[in-house]
Amino acid sequence: MDTEFKPMRSLIYVGVAKEEYRHKLKNWLYRYHIPDSISQFAPYVTKYAFYNALPVPPEGERFGAYNMQLTEHYWLINPMNPQLKIKAFTEFFPVDVLKWQGNIPDDADADSVNIEGDAARSSGGDNGMPPFIFAFIPFWWEEDFKGAGRTVEDGPNYRWQFLIQYPNGISLEEGDQWFYKKLVPAFKEMPEVNRFLTSRVIRDVNDCQFHRVIEMWFDGPEEWYRAAVEKGKSIERPHWATAEEFPYLKPKFQIASLFLTDIADSDNYSQYRGYITMR
């Protein structure tokens, strides 16, 4: 059977449960995870990069802000294809990684957790902890609401990237009625918003729980705060809301955010040279 050519981009949101774990998680990512990943998927992934999360702005927690990094891949094929199941080496994925990321409790029994790479990344969400976020989206943005024609000469961007999931029982079509009629017009009119893009999540790849990814760009965190926190109060609350305040969604479960710069902190194919320690 031939493997289908299916170009996709993926977004993995990485948080750290507490500062006690940040250096441990970074050690695993750079010492083990990057080389494990490159050796496995280099033939069919064209870009593999880490973007460090910027500090969470005031009130960013209720927007489901993640505080570690975005991991980005550009796939040429569907990595969940059963043909890719047999691997010569199993990824080194200790159960502590899920604890450091806050996907399972600190006291979780290691024997009860499936820790074989991709399978482990479905952990969380049904155990009281936030789910591991692994969202597949199209290579290219599907819709452009504001800021077309912006170039790098227009200045550095403070990027707010976020994923939303409508509550159980609310379809993409029903949730999007609020998105297009209430959220989009409000942010398009805000002078603080320089760029505004969105795409649907390709949910059938790995049963990702989120429906949509959005990016808005600002001059900085103060402009984000004026737009999302202060002016966001005026956006009408939908009947299916699960929170009283905008964005009306449960943090980390129904909305997840990252605050980013324009460039990757590690473009792993071109910059990674191994785990070279400080002296």
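**View 1. Ile12 of strand S1 and its bridge partner in strand S4.** Ile12 has Phe134 in S4 as its bridge partner. The model shown here and in the other views is predicted. The pairing of S1 with S4 (residues 133–137) is antiparallel and comprises 5 bridges.

**View 2. Arg9 and the pairing of strand S1 with strand S3.** Tyr74 in S3 is the residue that stands opposite Arg9. S3 covers residues 69–77 and runs antiparallel to S1, to which 8 bridges join it.

**View 3. Burial of strand S1.** S1 spans residues 5–14, and 7 of its 10 residues are buried, so the strand is largely enclosed by the rest of the structure. Buried here means under 20% relative accessible area.

**View 4. The bend in helix H3.** H3 takes in residues 172–188 and bends by about 35° at Phe179. The C-alpha atoms at the two ends of this 17-residue helix are only 21 Å apart, whereas a straight helix would reach 24 Å at 1.5 Å a residue. Phe179 is itself one of the buried residues of H3. The others are Leu172, Gly175, Asp176, Trp178, Leu183, Val184 and Phe187.

**View 5. The second largest pocket and its lining.** This pocket has a volume of about 260 Å³. Its lining consists of 20 residues, and those nearest the pocket centre are Val16, Ala17, Gln101, Gly102 and Lys252. Sorted by class, the lining of the second largest pocket holds 9 nonpolar, 6 polar and 5 charged residues.

Definitions and conventions. Residues are numbered from 1 along each chain as its sequence is written. This is a predicted model: local features need pLDDT of at least 70, side-chain atom pairs count only at pLDDT 80 or more; totals for chains, interfaces and linings use all residues. Side-chain values use heavy atoms; hydrogens and water are left out. Buried means under 20% relative accessible area, exposed over 50%, partly exposed in between (1.4 Å probe, protein chains only). Helices (H or I, at least four residues) and strands (E, at least two) are DSSP runs, numbered from the N terminus. Two strands pair if DSSP finds at least two bridges between them. On a 1 Å grid over the protein atoms alone, a cavity is a set of points where a 1.4 Å probe fits but cannot get out, and a pocket is an open set with protein on both sides within 12 Å along at least five of seven lines; lining residues have an atom within 4 Å of a point. Grid points are joined across faces, edges and corners, and a volume is the space filled by probe spheres set on the points. Ala, Val, Leu, Ile, Met, Phe, Trp, Tyr, Cys and Pro count as nonpolar, Asp, Glu, Lys and Arg as charged, and the others, Gly among them, as polar. The expected span of a helix is 1.5 Å times one less than its number of residues. The bend at a residue is the angle between axes fitted to the seven residues ending there and the seven starting there.
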